[in-house]
Amino acid sequence: FQVSFKYRFIDEKGSIAQYAPWASGFHLGYTQTAFWDLSSDSNPFIDTIFKPTILYQHNFSNSDLLLPSSNTTVNVGFEHQSNGKGGLESRSLNLGFIEPHTTFSLGNNIELDIKARAWVYVADLSDNPDIGDFRGNTSVSIGIGNPKALMLTSELRGNPGTGKGNLEFNLSYPLDRIFYNNLDLYLFGQLYTGYGESLINYNRKDTRLRFGIALQR
């Protein structure tokens with residue numbers, strides 16, 4: 001399971017933002033991903049990854065881009081990833097990243113979502129010195145569908161030099177369309193194959209098919 005949030009900590013309507021509007025672009029983010037092995041007798045958590053993030057988000061207006069049907073943002077930030085363990089089981093890394101993100105309206109309630117990310121590893125990588133060989137430094141994701149109906153997204157991440165990386169597909173559908181607007185949840189399916197999904201086994205290739213419930217998408 002995974003929990004994520006992003007929080008703007010300078011009010012865009014406050015006195016600081018009125019004096020310096022750019023300041024409202026600073027955000028704090030946090031993601032926690034836990035891999036829960038329900039097939040084993042004791043149902044252990046195989047790995048848990050903690051990702052605190054600080055980032056700056058700039059929103060481009062339609063007049064800047066001359067694309068009235070698009071919505072574009074660029075995030076620049078710093079992220080720490082850790083499995084929260086010590087000793088030989090410790091895994092951690094730091095990275096700086098830039099992430100452009102654009103959503104296009106294709107008409108008939110269909111949207112095309114394109115996001116790319118590039119990053120550099122910062123400071124000590126002694127816990128996992130070759131992780132860049134398996135995770136690489138770039139990723140791109142593409143999504144298409146109706147925000148109020150079926151949505152399909154895919155993400156490709158990897159290192160062209162080593163041929164390692166991963167590919168992920170996500171399919172989601174709002175349950176309120178089935179239960180007459182009584183459930184604000186999403187039916188969720190995911191296919192993952194490749195390296196680097198967890199920190200403890202980043203150099204092992206895994207293929208996983210998952211089904212579940214999502215609070216948001």
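Trainee: Which strand gives the largest share of the lining of the second largest pocket?
Mentor: S8, with four residues. A pocket is an open set of points on a 1 Å grid over the protein atoms alone, with protein on both sides within 12 Å along at least five of seven lines, and lining residues have an atom within 4 Å of a point.

Trainee: What am I looking at, model-wise?
Mentor: This is a predicted model: local features need pLDDT of at least 70, side-chain atom pairs need 80 or more, and totals for chains, interfaces and linings use all residues. Numbering runs from 1 along each chain as its sequence is written, and side-chain values use heavy atoms, without hydrogens or water.

Trainee: How much space lies in that second largest pocket?
Mentor: About 160 Å³, as the space filled by probe spheres set on the grid points.

Trainee: And which lining residues are closest to its centre?
Mentor: Leu156, Arg157, Gly158, Lys164 and Gly165, out of 13. Strands S7 (138-145), S8 (151-159) and S9 (164-174) each give two or more residues to the lining. Strands are DSSP E runs of at least two residues, numbered from the N terminus.

Trainee: New topic. Where does asparagine 108 lie?
Mentor: In the loop between S5 and strand S6 (110-122). Its phi is near 55°, positive in a residue other than glycine. Asparagine 109 sits in the loop between S5 and S6 too, with phi near 65°, again positive.

Trainee: Is asparagine 108 buried or exposed?
Mentor: Exposed, at 74% relative accessibility. Asparagine 109 is exposed as well, at 57%. Exposed means over 50% relative accessible area (1.4 Å probe, protein chains only).

Trainee: What is phenylalanine 97 in contact with?
Mentor: Beyond neighbours within four places in sequence, its contacts include Thr53, Leu55, Val76, Phe78, Arg117 and Trp119. Contact means heavy atoms within 4.5 Å.

Notes: 1 Å grid on protein atoms, 1.4 Å probe; cavity = no way out; pocket = protein on both sides within 12 Å on 5 of 7 lines; lining within 4 Å. Buried < 20%, exposed > 50% of the residue type's maximum accessible area, 1.4 Å probe, protein only.
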